[in-house]
Amino acid sequence: MDVSLANFIQQVFSNPALFVTTLLTLGVIFVNGWTDAPNAIATCVTTRCMRVRSAVIMAAIFNFLGVFIMTQLNASVASTISNMVDFGGDTNAALIALCAALFSIVVYSVGASLLGIPTSESHSLIAGLSGAAIAIQGGIGGINMGEWVKVLYGLVASLLFGFAIGWLVCKVVTLICAGMDRRRTNGFFTYAQIVGAAAMSFMHGAQDGQKFIGVLFLGMAFCNGQPSVVDVMIPVWLMILCSTIMGVGTSVGGERIIKSVGQDMVKLEKYQGFSADLSSALCLLVMTVLGIPVSTTHTKTSAIMGVGAVRRISAINFGVVRDMMLTWVFTFPGCGLISFVMAKLFMVVF
């Protein structure tokens, strides 16, 4: 399979389905960097360790590095997304179905936003691919359950593992610093939290960037007449392209999201912000190495809730937990059904 940049550009402008797929994928990556990446720096800003603009620039740089470096070291998340579904042997129909899946993500996200339903780009992507695969294969035979079960692991891990690690890290930090002068520890945690936010931004890029790299890579394979990307190396130029788009998306900011995640959920002090950043970055690192796609937003918010629980359970805004549950309840069937219908429609029209 020819995965050179020159060949990709030629195919994009000669194949309408690949053109739309590429446009939608890069658009979703941009929106993800814009709306999702600010979660990584929310605690750092709200504890006043960094100014918003400085934090956004740092997040953009480390998002780029996370996508680029981690995909070269361990592309297992991209592999999971690419191999999670089977679109069949007709690669032309498969590319049209993939295009429909991405289009359904946009339709669902806009509709959910208008109705006030919380969404996750990660879950929408997984649901969209699954719905399109079922449509083109005529049943659940289009789902590779060996890979799809990792999504279920991710749902549990993002909530339980994130909460548990957040609680544990914050508890250890509290015990270590119990007898220390608060002014001195605040000075230390100011810088420590900046490092933690950089690590969280890096792992956000590593997780979410890989998901969409896997989709775009799958579209390239279909266009080359190859039904899967098993044992095919992801080209460096694709990593650079996706990481750059995510970095640019992050650079436009997201102050409202920063306020929502860092201030509305639980009031944090500097040591708590550091604990939340470190624990969520560790959780994402483990999930990325294992090839388990998780929602970075849900992982970070679960870690923040774990940190808040060290002080008292009442410090947690359980409305956030409700929103996470609603995301799971609505996104998978909702976006999956839209993708199924879109794929059927696109295959008739095109």
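Okay, let's start with a little knot of rings: Phe188, Phe189 and Phe274 are linked into a cluster by ring pairs. Before I go on, remember that this is a predicted model.

So how many aromatic pairs does the structure hold? There are 8 of them. One is made by Phe64 and Phe68, and that pair is stacked, with 6.2 Å from centre to centre and 25 degrees between the planes. Why are those two about one helical turn apart? Because they sit 4 residues apart in helix 4, which covers residues 52-73. Phe64 comes out as partly exposed, at 27% relative accessibility.

Now a pair with another geometry to look at. Trp148 and Phe332 have ring centres 6.0 Å apart and planes at 65 degrees, so this one is edge-to-face. Trp148 belongs to helix 8 (residues 145-176) and Phe332 to helix 14 (residues 318-349), so the pair ties together parts that are 184 residues apart in sequence. Buried or exposed, for Trp148? It's buried, with a relative accessible area of 15%. Phe332 is buried too, at 16%.

Let's stay with Phe64 and Phe68 for a second, because they lead us to a serine; Ser243 touches both of them, plus Val67, if you don't count residues up to four places away in sequence. Ser243 lies in helix 10, residues 236-251. Its relative accessible area is 0%, so it counts as buried.

On to the nonpolar cores. The largest one has 67 residues, and the members that touch the most others are Phe87, Leu125, Leu129 and Leu238. Which helix gives the most to this core? That's helix 6, residues 91-115, with 13 residues. If you want to click on one residue in there, try Leu129: leaving out residues up to four places away in sequence, it touches Ile81, Met84, Val85, Phe87, Leu98, Ala101 and Val215. There is also a second, separate core of 14 residues, and Cys170, Ala192, Leu268 and Ala276 are among its members.

While we're on helix 6, have a look at Ala100, which lies in that helix. Ala100 is buried, with a relative accessible area of 0%. Setting aside neighbours within four places in sequence, Ala100 is in contact with Met342, Ala343 and Phe346.

Next, how the helices pack. Two packed helices are described by the angle between their axes and the distance between the axes. Take helix 8 and helix 13 (residues 296-311): they pack at about 40 degrees, with axes 7 Å apart. That angle makes helix 8 oblique to helix 13. The crossing of the two is right-handed. On the helix 8 side, the residues that meet helix 13 include Gly162, Gly166, Trp167 and Cys170. Across from them in helix 13, you'll find Ser302, Ala303, Gly306 and Val310, among others. You may recognise Cys170, by the way, as a member of that second core.

The other packing I picked is helix 9 with helix 10. Here the angle is about 125 degrees and the axes are 10 Å apart. These two helices are therefore oblique to each other. What hand does the crossing of helix 9 and helix 10 have? Right-handed. Helix 9 makes this contact with residues including His204, Asp208, Phe217 and Met220, while helix 10 brings Trp237, Leu238, Met239, Cys242 and Met246. Leu238 was also one of the residues touching the most other members of the largest core.

Between helix 9 and helix 10 there's a loop, and Pro235 is in it. Pro235 is buried, at 9% relative accessibility. Leaving aside neighbours within four places in sequence, Pro235 is in contact with Val3 and Phe217. Pro235 and Ser4 are 231 residues apart in sequence, yet 7.4 Å apart in space, C-alpha to C-alpha.

Last stop, Gln207. Where is it found? In helix 9, residues 182-223. Gln207 is buried, with a relative accessible area of 0%. Not counting residues up to four places away in sequence, Gln207 touches Val77, Leu284, Met287, Thr288, Ile292, Pro293, Val294 and Thr296.

That's my tour, thanks for listening.

Conventions. Residues numbered from 1 in each chain as written. Predicted model: local features only at pLDDT ≥ 70, side-chain atom pairs only at ≥ 80, totals over all residues. Heavy atoms only, no water. Phe/Tyr/Trp six-rings, centres within 6.5 Å; stacked < 30°, edge-to-face > 60°. Buried < 20%, exposed > 50% of the residue type's maximum accessible area, 1.4 Å probe, protein only. Core = buried A, V, L, I, M, F, W, Y, C linked by side-chain atoms within 4.5 Å. Contact = heavy atoms within 4.5 Å. Axes fitted to C-alpha atoms, helices over the stretch in contact; angles between N-to-C directions. Parallel < 35°, antiparallel > 145°, perpendicular 65-115°, else oblique. Left-handed = near helix turned anticlockwise from the far one by under 90°.
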